[in-house]
Amino acid sequence: MMLDKVKKMMADVEVFKTTSKDEIEAFRIKYLGSKGLLKELFNEFKTVDASMKKDLGQALNKLRNAASTKVQELNESLENTQETKSFYGDLTRPSEPIELGARHPISIVRNRIIEVFSKIGFTVSEGPEIEDDWHNFTALNLPEYHPARDMQDTFFIEKDPDVLLRTHTSSVQVRYMENNEPPIRTISPGRVFRNEDISARAHCIFHQVEGLYIDTDVSFADLKQTLLYFTKEMFGKSKIRLRPSYFPFTEPSAEVDIYWGLETEVDYKITKGTGWLEIMGCGMVDPNVLKNANIDPEKYTGYAFGMGIERIAMLLYQIPDIRMFYENDVRFLEQFKSII
Ligand code: DAH
């Protein structure tokens with residue numbers, strides 16, 4: 001009877017299998033623990049008839065050995081699999097957070113400008129960075145000997161006929177007017193190039209946004225109102241002034257200043273103590289420019305404006321040096337992570 005019980009247990013021990021540490025321990029306690037089955041059986045063994053003791057004793061010893069070998073083997077194989085595990089790391093652990101990139105501050109500001117102007121009906125248009133003389137200069141009423149045509153300012157690719165890197169996005173104005181009928185409401189963001197020395201304030205590559213509005217009866221008051229809307233949306237500032245200025249492609253022309261304020265030391269520094277900041281050029285499109293692009297100046301009038309994206313980004317994010325935009329230093333770029 002008892003021998004059968006022991007044999008049955010022996011079979012159980014032999015088939016027992018697990019990869020859980022807790023189950024191995026439970027198995028060990030069940031068979032080999034101080035109140036375990038083997039302890040119980042050995043106690044019972046004392047009471048059995050002497051004639052059965054030999055076989056039963058052997059069976060019990062076998063069972064005890066089998067149980068402790070089993071525990072040892074299972075623990076060993078568990079250790080092996082844990083070694084494999086540590087090779088891969090703990091696969092159940094939460095993963096490293098994925099590093100998200102950030103938009104470049106130039107893109108952030110360009111997108112914001114597009115957003116502000118699209119709310120009042122402006123489309124977005126683009127033109128080539130490699131331009132001809134006509135679109136970059138001649139059609140824009142730049143006289144042949146205008147200083148802006150000087151070799152110092154322009155990167156020429158070929159001479160006669162001139163092929164060059166555009167020096168401003170005003171070239172897109174001309175292309176847009178050539179290909180579209182009024183009413184025209186468009187802004188043209190893009191990269192421009194100037195043959196200038198690089199410093200904290202100037203770069204030979206930078207970005208501009210050009211604005212163009214052509215329709216019947218467009219006035220200077222429309223221009224001012226649009227720019228006021230823009231400065232409110234972009235900077236949260238609601239005071240602007242327009243100073244008379246000169247651009248060959250507009251008449252009259254003006255520089256736009258916004259009242260930045262004089263609240264902090266930085267305000268004093270960037271406005272040179274005046275509280276005012278120049279942010280763009282603008283004016284009423286010169287009738288000659290309309291004519292050059294096949295638009296009847298007797299029928300249509302319009303305004304245009306142009307601003308530098310870097311300059312606006314530097315103001316908004318208090319970036320002290322224009323070169324930081326092009327160095328691709330992640331410590332700089334990472335700071336724009338939270339802005340879309
Ligand atoms: N093209 C000018 C520049 O690069 C900016 C500009 C001024 C554009 C006045 C305009 C404008 O359309 O009306 O400095």
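**Close-up views of a predicted two-domain model**

The structure holds zero disulfides. The model shown here is predicted.

**View 1. Two domains make up the protein chain.** Domain 1 covers residues 2–88. Domain 2 covers residues 105–336. Taken over C-alpha atoms, the centres of domain 1 and domain 2 lie 86 Å apart.

**View 2. Seven strands form an open, mixed sheet.** Their order is S1-S5-S6-S10-S9-S8-S7. Strand S1 (123–124) and strand S7 (240–247) are the edges, and each pairs on one side only. Strand S5 (residues 184–193) runs antiparallel to S6, and 10 bridges join the two. Within S6, Gln208 stands opposite Gly190.

**View 3. Helices H5 and H7 meet the sheet.** H5 packs on the sheet and touches S1, S5, S6 and S10. The direction of H5 makes about 165° with that of S5. Helix H7 (residues 170–179) lies across S1, S5, S6 and S10. H7 runs at about 35° to S6.

**View 4. S8 pairs with S7 and with S9.** S7 and S8 form a hairpin, with two residues between them. Their pairing is antiparallel, over seven bridges. Ser245 faces its opposite number, Ser253, in S8. S8 and S9 are also antiparallel, with eight bridges. Here Ala254 has Cys282 in S9 as its bridge partner. Seven of the 10 residues of S8 are buried, so the strand is largely enclosed by the rest of the structure.

**View 5. The largest nonpolar core has 41 residues.** Ile113, Phe230, Phe305 and Met307 have the most contacts inside this core. Several helices and strands give two or more residues to the core, among them helix H5 (105–118), helix H8 (220–235), strand S9 (276–285) and strand S10 (301–308). Another core, of 21 residues, lies apart from it. Met9, Ile24, Leu63 and Leu74 are among the residues of that other core.

**View 6. Phe230 and its contacts.** Neighbours within four places in sequence are left aside here. Phe230 is then in contact with Ile113, Val116 and Phe117. Phe235, Met280, Met307 and Ile312 are also contacts of Phe230.

**View 7. Cys204 and Cys282 are both buried.** Buried means under 20% relative accessible area. Cys204 has a relative accessible area of 16%, so Cys204 counts as buried. Cys282 is buried because its relative accessibility is 2%.

Conventions
Residues are numbered from 1 along each chain as its sequence is written. This is a predicted model: local features need pLDDT of at least 70, side-chain atom pairs count only at pLDDT 80 or more; totals for chains, interfaces and linings use all residues. Side-chain values use heavy atoms; hydrogens and water are left out. A nonpolar core is a set of buried Ala, Val, Leu, Ile, Met, Phe, Trp, Tyr and Cys residues joined through side-chain atoms within 4.5 Å. Buried means under 20% relative accessible area, exposed over 50%, partly exposed in between (1.4 Å probe, protein chains only). Helices (H or I, at least four residues) and strands (E, at least two) are DSSP runs, numbered from the N terminus. Contact means heavy atoms within 4.5 Å. Domain bounds come from an automatic or database domain assignment. Two strands pair if DSSP finds at least two bridges between them. Axes are lines fitted to C-alpha atoms, for helices over the stretch in contact, and angles run from 0 to 180 degrees between N-to-C directions. A disulfide is a pair of cysteine sulfur atoms within 2.5 Å.
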